[in-house]
Number of protein chains: 2
Amino acid sequence: METWVPVPDGSGFGVQNLPYGVFSRRGELPRVGVAIGERVLDLAELSTAGLLADRRWFASGALNSFMSAGRAVWQATRDRLTVLLTGAAYRDQVEPHLVSLGEVELHLPFAVADYVDFYSSRDHATNVSRIFRPGAEPLPPNWLHLPIGYHGRSGTVVPSGTPIVRPCGQRRGDDGPVFGPTAKLDVEAEVGFVVGVPSALGRPVSTAGFRDHVFGFVLVNDWSARDVQAWEYQPLGPFLGKSFATSVSPWVVPVAALESARTAPPAQVPEPLPYLRCDEPWGLEITLQIELNGHVVSRPPFAGMYWTAPQQLAHATVNGAALRTGDLMASGTVSGPGRHERGSLIELGSDGQEPLVLPDGERRAYLEDGDTVRIQATAAGPDGVPIGFGDVTGTVLPALC
Amino acid sequence: METWVPVPDGSGFGVQNLPYGVFSRRGELPRVGVAIGERVLDLAELSTAGLLADRRWFASGALNSFMSAGRAVWQATRDRLTVLLTGAAYRDQVEPHLVSLGEVELHLPFAVADYVDFYSSRDHATNVSRIFRPGAEPLPPNWLHLPIGYHGRSGTVVPSGTPIVRPCGQRRGDDGPVFGPTAKLDVEAEVGFVVGVPSALGRPVSTAGFRDHVFGFVLVNDWSARDVQAWEYQPLGPFLGKSFATSVSPWVVPVAALESARTAPPAQVPEPLPYLRCDEPWGLEITLQIELNGHVVSRPPFAGMYWTAPQQLAHATVNGAALRTGDLMASGTVSGPGRHERGSLIELGSDGQEPLVLPDGERRAYLEDGDTVRIQATAAGPDGVPIGFGDVTGTVLPALC
């Protein structure tokens with residue numbers, strides 16, 4: 001399948017992807033667009049021009065309205081966009097609505113309803129257990145039976161590029177807690193899914209219902225203050241160690257664009273309870289990449305995640321909790337077994353015991369002021385075409401306390 | 001101060017209160033109203049009639065727009081409503097806009113942004129620690145240094161009266177986890193505050209900023225499935241044991257209506273870190289009451305809560321987390337030292353060891369299908385006038401699994 005839009009080699013934005021985002025040009029209101037090559041297709045203009053249905057979905061500063069329209073609409077829109085971008089006959093009509101990515105600002109793609117963060121990498125859970133709970137069993141007793149998750153702060157989910165002010169807070173000191181800027185500012189490279197179609201209160205959504213409710217996937221950086229987290233998190237879980245910021249990619253990759261990336265997840269032993277069983281394989285061949293100040297420090301493999309997205313969705317709703325359009329559910333830190341496959345600095349540097357040494361000679365246990373983190377991800381598309389999510393970047397600003 | 005509206009003795013809805021809610025009459029759209037005696041004053045109509053400013057705040061199905069307008073507007077509106085409801089000269093103009101509470105449906109009063117639940121009763125924390133972590137210290141090491149809190153699910157905050165379907169989930173069994181309806185369905189009687197004015201990302205709100213940001217207080221029932229919670233909550237905190245439903249009162253009591261209820265909170269030893277210190281006393285003389293199937297089973301005293309609302313707000317934002325209009329922060333279960341002052345069944349019945357015996361002879365360790373819980377609260381108003389929150393009720397429906 002070829003598009004008439006120029007797509008550079010290795011671009012993650014071929015016509016096989018068509019991720020949705022929200023963009024604006026200077027002086028214009030944000031609207032919905034689709035990334036293709038090095039441009040964004042203005043869906044609001046396209047619908048005004050009569051080339052695409054229902055302008056209300058696209059002349060909006062968030063994807064929520066379109067996401068709520070449901071799977072048939074998502075597929076019909078994707079089919080139509082594919083026709084428009086591959087049919088040479090449409091080029092003259094469509095080309096005026098392509099804007100260079102360099103000319104636009106990218107916004108938070110959707111209004112986040114609830115944000116849930118899981119803990120679904122066995123390697124990550126094992127690594128972190130050793131650090132936070134030395135001497136304890138490497139996995140909590142519930143870990144192999146359910147995808148552990150908790151609610152994060154949806155109001156501080158921010159778009160890629162948002163500066164991250166180093167958070168202040170309490171941490172354990174030698175003689176009681178001390179207050180100050182976190183000394184252990186960390187990242188967590190994750191992949192999240194976004195709910196389009198809501199569900200009714202009291203009615204669980206099964207693993208088979210995943211495609212009817214979930215619109216797409218984003219890349220997530222769940223910034224973490226490890227010293228704050230370590231002091232506060234027992235017994236009710238992480239709070240201020242996480243709630244200062246969570247960055248997401250500007251593009252939401254549709255579920256349909258990830259079909260070729262689907263693969264068998266790791267075997268689950270013991271077999272999960274029936275509500276967590278899934279007929280279809282929902283491991284995803286996605287490779288993440290973490291850059292620190294321009295140096296690649298890790299390439300976490302998403303395909304090894306123990307719990308899959310449909311299992312997470314079924315678990316989160318099995319008690320009857322309702323879904324809303326814009327619910328974001330993130331995988332938890334993606335870590336593989338290798339030293340350079342870990343998705344957080346606490347793991348990469350063994351909580352400061354073995355700091356990273358960057359090619360420029362700099363050493364990093366945790367992030368320093370001025371550091372820039374960039375996370376990228378590429379899924380396996382059809383015929384080896386890469387499917388990209390765009391960057392999730394953030395630069396650390398000094399604390400204000 | 002006397003109103004010309006009839007207010008029965010003991011009503012919590014005297015003119016000293018003026019709590020805000022959202023109501024509708026059959027066939028009409030929801031709009032903002034204020035409770036007075038046994039009626040609700042229709043603020044949308046009142047503003048259409050030119051008796052109150054800015055109709056957009058009140059012709060809305062949620063308080064959020066009005067709450068975001070800020071303290072000066074809240075005070076001016078309260079002053080104006082007081083004049084209208086106490087000045088006999090206004091009676092003829094205002095009376096047509098009073099509707100009997102019996103004729104209206106009360107809705108969720110505001111769209112919930114993020115929902116945070118604290119754990120601020122020392123008696124509750126001690127009681128629950130003994131049950132969940134027998135043999136451990138009665139308080140976690142961080143408890144006296146910070147108001148422990150976590151994020152709950154904002155999408156399942158429901159108005160009083162919403163039926164509660166018994167949730168299903170995993171719980172610990174003798175031979176691995178078992179799945180089924182919770183056998184330990186519980187309540188948590190709490191008082192929450194609601195944010196009106198947002199704050200900027202990266203900028204903490206001090207304890208002194210409480211009045212500038214917080215619009216009012218609601219009564220909360222944080223329904224809990226104790227067996228689900230006990231199995232899932234380590235290490236990342238409660239998730240499905242709480243996320244199926246949280247009920248709130250239909251009325252938001254303005255901060256200004258609680259001035260007379262303010263009292264010194266318990267002494268805090270050790271002294272908290274400077275960011276948690278508060279110049280004004282923000283204990284609140286509020287007595288809660290829990291009824292189970294019409295029988296009063298507890299009267300938890302809110303004045304004894306260890307951590308106060310301004311401390312909770314300052315803590316939740318000290319890391320730079322932004323506030324949004326509609327953020328709900330609940331106190332955590334309100335329990336006093338007495339046997340009949342505990343705010344949850346897990347405490348009242350010692351996790352089933354000493355079930356409650358109701359006056360009708362029924363025994364209850366936890367809730368059974370068909371049970372109805374009603375929580376009420378009365379704050380100390382000026383001159384002994386009670387300030388009410390309205391009921392938070394819910395009836396348990398059988399599980400669907």
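Q: Where in chain A is A:P270 found?
A: The structure is a predicted model, in which local features need pLDDT of at least 70 and side-chain atom pairs count only at pLDDT 80 or more, while totals for chains, interfaces and linings use all residues and side-chain values use heavy atoms, without hydrogens and water. Residues are numbered from 1 along each chain as its sequence is written, and chains are lettered from A and ligands numbered from 1 in the order in which they are written. With strands (E, at least two residues) and helices (H or I, at least four) taken as DSSP runs and numbered from the N terminus, A:P270 is found in the loop between β18 (262-263) and β19 (283-284) of chain A.

Q: What is omega for the cis peptide bond that joins A:V269 and A:P270?
A: In chain B, B:P270 lies in the loop between β18 (262-263) and β19 (283-284), and the peptide bond leading to B:P270 from B:V269 is cis, with omega near 0 degrees. In chain A, the cis bond that joins A:V269 and A:P270 has an omega of about 5 degrees.

Q: What is the relative accessible area of A:D351?
A: A:D351, which lies in the loop between α9 (345-348) and β23 (356-357) of chain A, has a positive phi of about 50 degrees although it is not a glycine. Buried means under 20% relative accessible area and exposed over 50%, with partly exposed in between (1.4 Å probe, protein chains only). A:D351 is partly exposed, and its relative accessible area is 22%.

Q: Is B:L18 buried or exposed?
A: B:L18 lies in the segment before β1 (20-25) of chain B, and although it is not a glycine, B:L18 has a positive phi of about 55 degrees. With a relative accessible area of 1%, B:L18 is buried.

Q: Which residues touch the most other members of the largest nonpolar core?
A: A nonpolar core is a set of buried Ala, Val, Leu, Ile, Met, Phe, Trp, Tyr and Cys residues joined through side-chain atoms within 4.5 Å. The largest such core has 150 residues, and those that touch the most other members are A:F217 and B:F217.

Q: How many residues are in the other core that lies apart from the largest one?
A: Leaving aside its neighbours within four places in sequence, B:F217 of the largest core is in contact (heavy atoms within 4.5 Å) with residues including B:F193, B:F210, B:W251, B:L284 and B:F389. Apart from the largest core lies another, which includes A:Y20, A:L84, A:V157 and A:V248, and its number of residues is 40.

Q: Which helices of chain B do the buried residues of α5(B) pack against?
A: Helix α5 spans residues 122-132 of chain B, and its buried residues are B:H124, B:A125, B:T126, B:N127, B:V128, B:S129 and B:F132. These buried residues pack against α7 (226-232) and α9 (345-348) of chain B.

Q: Which residue of chain B comes closest to the rotation axis?
A: When the copies are superposed by least squares on the C-alpha atoms of residues with pLDDT of at least 70 in both, a rotation of 180 degrees with 0.0 Å of shift along its axis brings chain B onto chain A (RMSD 0.0 Å). The two copies are thus related as by a two-fold rotation axis. They meet through the same surface, because 100% of the interface residues of chain B are also interface residues in chain A. At a C-alpha distance of 2.0 Å, the residue of chain B that comes closest to the rotation axis is B:G237.
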